[in-house]
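Visitor: I am new to this structure. Please take one part and show me closely how it is built and what lies around it.

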Amino acid sequence: MILYHGSNVTVERPMLVPQNRFLDFGYGFYTTTNLAQAESFARKVVIRRGGTPTVNVYELPEDSDLSALSVREFSSPDKDWLDFVTAHRNGTYCGEAFDLIIGAVANDDVYRTLQVYSAGLLTEEQALEALRIKKLFNQYVFASHESLALLRFVEAKEV
């Protein structure tokens, strides 16, 4: 499987770097199978930090043994996904730690729905209904050294 990581630099050796903000799935190295999403993120990072918009390309070999990893996969933006992302975005998550987390991205549009939900202005049902009509892309978050070791750098492309 090919995965992309949008950045302002080439990242040949992905690392777990402390973050200064709360993200969808918490601490980890974020990737996606959607090239356009990675390109968009690369451009946003450059606006915040400078550098050159770069999409780093990785391979997660099909024969990778994930059985030794703790994997959390969300097949859709359901109640479990909503609770998980909301807790991480609010900095209140205190559940199980995972090596690899797979699920939908809470992009800027989705994030607004999460904010309104967190503020108590939407019920859970209303938030989930709002999410159903949005086009959501995926993300693969490598949250441990063991999971990161599975990624193979292929190339970096300026966008």
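Guide: Here is a close look at one helix, followed by a strand that it packs against. Keep in mind that this is a predicted model.

Start with helix H1, residues 35–49. Is its length in line with its residue count? Take 1.5 Å a residue: the 15 residues of H1 should span 21 Å. The C-alpha atoms at its ends are 21 Å apart, so the two figures agree.

Now look at the two ends. At the start of H1, Asn-34 reaches in with a side-chain oxygen, which comes to within 3.1 Å of the backbone nitrogen of Ala-36. Just after H1 comes Gly-50, with a positive phi of about 85°.

Next, the buried side. Gln-37, Ala-38, Ala-42, Val-45 and Val-46 are the buried residues of H1. They pack against three strands: S1 (2–7), S3 (54–59) and S6 (138–142).

Follow S3 from here. Of its 6 residues, 5 are buried, so S3 is largely enclosed by the rest of the structure. Buried here means under 20% relative accessible area.

S3 also has strand partners. One is S1: the two run antiparallel, joined by 6 bridges. Within this pairing, Tyr-4 has Val-57 of S3 as its bridge partner. Another is S7, residues 152–158. S3 and S7 run antiparallel too, and 6 bridges join them. There, Glu-59 has Arg-152 of S7 as its bridge partner.

To put the parts together: buried residues of H1 pack against S3, and S3 is bridged to S1 and to S7.

How values were computed. Residues are numbered from 1 along each chain as its sequence is written. This is a predicted model: local features need pLDDT of at least 70, side-chain atom pairs count only at pLDDT 80 or more; totals for chains, interfaces and linings use all residues. Side-chain values use heavy atoms; hydrogens and water are left out. Helices (H or I, at least four residues) and strands (E, at least two) are DSSP runs, numbered from the N terminus. The expected span of a helix is 1.5 Å times one less than its number of residues. Buried means under 20% relative accessible area, exposed over 50%, partly exposed in between (1.4 Å probe, protein chains only). Contact means heavy atoms within 4.5 Å. A polar contact is a pair of N or O atoms within 3.5 Å; within protein, one must be able to donate a hydrogen and the other to accept it, and residues adjacent in sequence count only if both atoms are side-chain atoms. Two strands pair if DSSP finds at least two bridges between them.
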